[in-house]
Amino acid sequence: AVDGRFALQALAGRFKIWSEGPINPIFEEIPVLRRLNMTDLEDRESRRALLDDPAYIAEFREMWQRGKTGYGVDAMKRRLRREDLAFSRSLQDMVVDTCPVPDWHGESLAAVYERLRSWQAGDRSVARSDAEDSAFADFPDPVRDDAEFLLHLLREFDTDLYWYTITANRDPAVTRRLIMHPKLLPGFNDSGAHLTNMAFYDCNLRALQLAAADGEAGVAYMVRRLTRDPADFFGVSAGRIDPGCAADITVIDPAALAAYDAEANIRSVYRSDFEHTQLVNRSDGVVPWVIIGGRIVWQADGYPPIFGHEQCGRLLRAGTTAAGVDGAKTEEALAA
């Protein structure tokens, strides 16, 4: 028998992942695509050599087309939407954010592919601009299929093709059901590990939005799940407003939160610390105050002079929780 306490995590938003050309975290699950990820970000020459290699092209094509035709196990899994991969291998799910062809911004690669096919069939009027016409002229003619189409894009544009896909949580109703489930803790905000690929920094705010459908009782339940429950589960002294506890408080404007559009407030900004851009979530006006250890560290969408210069917080160490809750009681709290 296994003696332990377990909880799953749930994300309170669409699992939206951006890709810098062929550099994408979920490509790690597919050996053929993983080889592109294994190159340094700046090493375009190595990726180009790989994408020009006939043996690699054959491997890529076999991976890309697997299960899309025929009647085998792979085909059945794909038809039933039960494939073992997070990446759908569908141009319809791949949406261009930015690239050297402005006409493609905000479009699925499937739409671009269909226009290319019409253009190569002789209808040159489908090209929306000189830039798109020039891009279409650079493709092999004819492009045999969508695998060859994608290979060309990765070969020609590399990381300049910035696109995204949604791999999970497409249905808000299902997302809400998961985030409210007592055995799933809100979390998995993995943005800090993927600065240019994910922006989930605001998912605690999104969780509160989802819970608000149940009124004040739903919001109170979610506040507990974002504070006391994870603190008890991980055994850290936090998550409560009781005498003697540290005054770590976040104040949220409920009206601003109700009007907040998470998807519309994702930004790519340049960070001098990294000398690179980073995806961030801007929730200006939603959180008027953040207090750590009784000291204001965020107010009116800005940091006070002490931030980054004076210590306000403390390291949270696992051990006895703020209320001395033991493992059994924590399990009861999570199941309540």
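## Overall picture

How many helices and how many strands are there in the protein chain? The count comes to 13 helices and ten strands. Keep in mind that this is a predicted model.

The C-alpha atoms fill a box of roughly 75 × 55 × 40 Å along the principal axes. Of the 336 residues in the chain, 41% are buried. As for contacts, take the ones between residues at least 6 apart in sequence: 64% of these join residues at least 24 apart.

## The β2-β4-β3 sheet

One open sheet is built from three strands in the order β2-β4-β3, with antiparallel pairing. Its edges are β2 (15–20) and β3 (95–98), each of which pairs on one side only. From one strand to the next, the twist averages 35°.

If you want to look at the pairing itself, go to β3 and β4 (residues 162–168), which run antiparallel and are joined by three bridges. V95 has Y164 of β4 as its bridge partner. As a general point, strands of a sheet pair through backbone hydrogen bonds, either parallel or antiparallel.

## The β6-β9-β10 sheet

Another open sheet has three strands in the order β6-β9-β10, and here the pairing is antiparallel. The edge strands are β6 (249–251) and β10 (295–299), each paired on one side only. The twist averages 15° from one strand to the next.

Strand β9 (residues 289–292) pairs with β10 over four bridges, in the antiparallel sense. To find a bridge pair on screen, start at V290 and look for W298 in β10.

## Helix α3 and its ends

Helix α3 covers residues 54–65. At 1.5 Å a residue, its twelve residues should span 16 Å, and the end C-alpha atoms are indeed 16 Å apart, so the two values agree.

Which residues of α3 are buried? They are Y56, F60, R61, M63 and W64. These residues cover an arc of only 165° around the axis, which puts them on the same side of α3. What they pack against is a set of helices: α1 (31–37), α2 (44–52) and α7 (146–157).

Both ends of α3 have something to look at. At the start, a side-chain oxygen of D53 comes to within 3.1 Å of the backbone nitrogen of A55. After the helix comes G67, with a positive phi near 85°.

## Helix α10

Helix α10 (residues 215–226) gets the same length check. Its twelve residues should span 16 Å at 1.5 Å a residue, and the end C-alpha atoms are 17 Å apart, which agrees.

The buried residues in α10 are G218, Y221, M222 and R225. They cover an arc of only 95° around the axis, so they sit on the same side of α10. The buried residues of α10 pack against α8 (172–180), β5 (184–186), α9 (203–211) and α11.

## R240, a loop arginine

R240 is found in the loop between α11 (228–234) and β6. Is R240 buried or exposed? With a relative accessible area of 16%, R240 falls under the 20% cut-off, so it counts as buried.

The side chain of R240 also has a polar partner: it makes a polar contact with the side chain of D232, at 2.9 Å.

Key. Residues are numbered from 1 along each chain as its sequence is written. This is a predicted model: local features need pLDDT of at least 70, side-chain atom pairs count only at pLDDT 80 or more; totals for chains, interfaces and linings use all residues. Side-chain values use heavy atoms; hydrogens and water are left out. Two strands pair if DSSP finds at least two bridges between them. Helices (H or I, at least four residues) and strands (E, at least two) are DSSP runs, numbered from the N terminus. Axes are lines fitted to C-alpha atoms, for helices over the stretch in contact, and angles run from 0 to 180 degrees between N-to-C directions. The expected span of a helix is 1.5 Å times one less than its number of residues. Buried means under 20% relative accessible area, exposed over 50%, partly exposed in between (1.4 Å probe, protein chains only). The arc is that of the directions from the helix axis to the C-beta atoms. Contact means heavy atoms within 4.5 Å. A polar contact is a pair of N or O atoms within 3.5 Å; within protein, one must be able to donate a hydrogen and the other to accept it, and residues adjacent in sequence count only if both atoms are side-chain atoms.
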